[in-house]
Amino acid sequence: MSVKIELYLPQSFESIEADVEQGTTIEALVDKIRNGTLWANAATASNATSPDGVNNVDAANIATSPDAANIADIATATLPHDAVALQVPPQQQLPYTVLAAKVNGRLKQLDYHIGSPAVVKLLDTRNSLADRLYQNSLTLIYLVAVQKVLGTGSDARIYNALNRGLYTELRHSLLAGKDAAAIYNHMRDIVARNLPITEISRRGAMIEYGLDGLTFSLFGKTVTRTGYIEKFELRPYENGILLRYPHQRDPDVLPAYYDDYKLGDAYSQLRSWLVKHGLNFASDLNEIIVAGREKDLIKISEDIHRKWISKIATDIVIKSRQVVLISGPSSSGKTTFSMRLMAQIEALEGDVPLYIGTDDYFLDRKDTPRGPDGEPNYEGLEAIDRAMLADHIARLVAGEEVDLPTFDFIEGKKIFGKRITKLHADQVVVIEGIHALNDSLTEQMDASLKYRIYISPLVQSGIDNHNRIPTTDLRLMRRMVRDHRTRGKSAADTIHEWPKVRAGEEVNVFPYNAAADAVFNTASPYELCALKKYAIPLLETIAEGTDEYQLAKNLRDMLSFFTPIVDDSVIPKNSIIREFIGGGYI
């Protein structure tokens, strides 16, 4: 008995209608595509297009009969008159390993059996869900190898993303170069044996997996067999090991190594602070909140922000830097941080810095360049009127009067005449925006005048030793809560736009953070507890079966580990989190 599926190849915008035997697994479906033995409706077979608009199925690779297909195991039974065999060249249509699929909006592993009509979207690691699944699987293989090599008393803590990998530290063992090499070799052996990864049990959102005689609990799914995790490396780093893997943009290649030591130092500083205050895991935060001591938690968290902002402001003043450039990825809290930094500089200098947002220098909407999807691309540097911005900054620093624009997002154009200003002697200019650290934005300016700051919410308190909270998840929830509050945008729309936002950050933000003179962490340890009561109702509006459902479910599940702060009136009005939940005065 066959069932109809609406099939999407990886990264495809168009579907293919196909018939598969009831009970076919996702893995078997992928094999059929690779072997040219999947029969599809001829009208849809030629319409499958990728994000760049290229046909996913070349007409030359469609056979109109079993004989023409020349595939030995195609049945000779009577076929529908519009059926064609999809002979999909793997290098064109499945260029990377398929790790999972979304079936009716839910993430399914390759051993999932298709039992009824469904929408099936195949996923490789260019998709964020599959990328996270790859990381989970690699983490499990690593944890097993650590115990196999160093003994059952050994363990590893998975801390944070760094240098396109995961920073980890071994427990109960002194790290030596030979340890990393032995662990790596054992991981390679586990992958070469293509061992099954079995789900043993579930406890809430946590899944207990078995691999090579050992068990570990992870938040989220893994691949079904270790042979799928082919690309990785281990690299000793500081007091631990970097577990590196391919980037989503190029799943078959390990990225060139670059030591983002400034970000690493910021994480190290945060780790030390959290250990000092006993805030390592979600359970530590929950214990404080249940005991009614959240006010104390909030106070020490905000105090450290004040201390770090004061330190950066002092450094700017001591070094006599006149132009402060602030950048960070989406929902980093750039606006609030900028205002608080300006207030601190004013306290030290006695003069209010001049604020310039690069968003006010957007090209008029009619001139905005289009992305591959045909939509306006506001993330790219090309969307900024760079010539005008550079001219205005140069003239301001030279002491001239300048008519600064304000961008009208309703009219889609710059408005002049509202901010005609000139700098006082030695007055500081603060320029904020995602492109602020890109030198091409301020290349005509003397480098000795610039002070560059990279900000991002760096999350360090994990669920437990083996399960971290990705910074990207926190930023997405910040953006979702803020955009619903300020723009009435639905959670589904925010999640739908997120991949485009993330792609823009990879090009426009992250490559430039190494130039920063200072790195500032805008996250607070209590933040997920404060966001929970705002985020959960929004996430619950996303219907099962929609494309956004699985990520929404993942976020809900992740928040289930945190106790909410119900009364957030104790959060200061100038807290960075107020930029997202509201109630602030900045």
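**Close-up views of a predicted model**

**View 1. Helix α10 and the glycine that follows.** Just after helix α10 in this predicted model, residue G350 takes a positive phi of about 80°. The helix itself covers residues 334-349, and because each residue should add 1.5 Å, its 16 residues should span 22 Å, a value that agrees with the 22 Å found between its end C-alpha atoms. The buried residues of α10 are K334, T336, F337, S338, R340, L341, M342 and I345, so that a reader following the helix can mark these positions one by one.

**View 2. An open sheet of five strands.** The strands of this open sheet follow the order β19-β22-β18-β23-β24, and their pairing is parallel. Strands β19 (354-357) and β24 (518-521) stand at the edges, where each has a single partner strand, and therefore one side of each is left without a neighbour in the sheet. From one strand to the next, the twist averages 20°.

**View 3. The pairing of β18 with β23, and the helix packed on the sheet.** Within the sheet, strand β18 (residues 323-327) pairs with strand β23 (residues 450-456) in the parallel sense, over five bridges. In this pairing V323 stands opposite K450, which belongs to β23. Helix α9 (residues 294-318) packs on the sheet, where it touches β18, β23 and β24, and the direction of α9 makes about 160° with that of β24.

**View 4. The surroundings of T168.** Residue T168 lies in strand β12, which runs over residues 165-171. Is T168 buried or exposed? T168 has a relative accessible area of 0%, and because buried means under 20%, this residue counts as buried. Its side chain makes a polar contact with the side chain of Y142, at 2.7 Å. When neighbours within four places in sequence are left aside, the residues in contact with T168 are Y142, R157, I158, G240 and I241.

**View 5. Helix α5 from its cap to the residue after it.** Helix α5 (residues 128-150) has 23 residues and reaches 32 Å from its first C-alpha to its last, which is close to the 33 Å expected at 1.5 Å a residue. At the N-terminal end of α5, N127 acts as a cap, with a side-chain oxygen that lies 2.8 Å from the backbone nitrogen of L129. The helix is mostly covered, since 18 of its 23 residues are buried. After α5 comes G151, whose phi is positive, near 105°.

Key: Residues numbered from 1 in each chain as written. Predicted model: local features only at pLDDT ≥ 70, side-chain atom pairs only at ≥ 80, totals over all residues. Heavy atoms only, no water. Helix = DSSP H or I, 4+ residues; strand = E, 2+ residues; numbered from the N terminus. Expected span 1.5 Å × (residues − 1). Buried < 20%, exposed > 50% of the residue type's maximum accessible area, 1.4 Å probe, protein only. Pairing = 2+ DSSP bridges. Axes fitted to C-alpha atoms, helices over the stretch in contact; angles between N-to-C directions. Contact = heavy atoms within 4.5 Å. Polar contact = N/O pair within 3.5 Å; in protein donor to acceptor, adjacent residues only side chain to side chain.
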